[in-house]
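Me: Please take a close look at the aromatic pairs in this model. Describe which rings pair, how they are oriented and how exposed they are.

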Amino acid sequence: MEDIIFVKRSSHSQLRTFKKAVIKLELKNGRFIISDVVAKALEVDNNDGLMFCFNQKAKTAFVLKDNEDDAFKLSRKDPHTLRFSSKNLMQFFDDTFGLLETGKSSFVFSVELQPNEKGLHKVALA
């Protein structure tokens, strides 16, 4: 029994360990995972909506709360994250940041907690 070493998980999800405002994008299924810090800054929760806008020349994106019918509706799968899927939006992220060229399958984007003068929160590749 002295030679046995027990190993346990130290965290249940990598995203839960982030103490930062981040959005994770998984390319395989176009899933966007919103950290709780971002959700609080944008004042969104389950069934709320988000809208994204892009400046592809400057390689920047922005996010804001939006509850119009065409917004991306969030769902809460656990107490720490919100999520939604959109392959169309994933394509805009790829066109703006050149994601597919890297060969990676997931990406983390930082989100500024303070909005700019137009109420948009800047999103940047972390």
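**Aromatic pairs on helix α2**

Reply: F92 has a relative accessible area of 38% and is partly exposed. This is a residue of a predicted model, and F92 lies in helix α2.

The structure as a whole holds 12 aromatic pairs. One of them joins F32 and F93: the ring centres are 5.3 Å apart and the planes stand at 55 degrees, so the pair is tilted. Tilted applies here because 55 degrees is neither under 30 nor over 60. F32 belongs to strand β2, residues 31-35, while F93 belongs to helix α2, residues 87-97; the contact therefore ties together parts that are 61 residues apart in sequence. As for accessibility, F32 is at 0% relative accessibility and so counts as buried. F93 is likewise buried, with a relative accessible area of 0%.

F92 has its own partner, F54, and this aromatic pair is stacked, with 5.6 Å from centre to centre and 20 degrees between the planes. F54 sits in strand β3, residues 49-55, and F92 in helix α2, so this pair ties together parts 38 residues apart in sequence. F54 counts as partly exposed at 23% relative accessibility; the cut-off for buried is under 20%.

Both pairs belong to a wider arrangement: ring pairs link F32, F52, F54, F72, F84, F92, F93, F97 and F109 into a cluster. The cluster thus includes the buried F32 and the partly exposed F92.

Notes. Residues are numbered from 1 along each chain as its sequence is written. This is a predicted model: local features need pLDDT of at least 70, side-chain atom pairs count only at pLDDT 80 or more; totals for chains, interfaces and linings use all residues. Side-chain values use heavy atoms; hydrogens and water are left out. Rings of Phe, Tyr and Trp (its six-membered ring) pair if their centres lie within 6.5 Å; planes under 30 degrees apart count as stacked, over 60 as edge-to-face and the rest as tilted. Helices (H or I, at least four residues) and strands (E, at least two) are DSSP runs, numbered from the N terminus. Buried means under 20% relative accessible area, exposed over 50%, partly exposed in between (1.4 Å probe, protein chains only).
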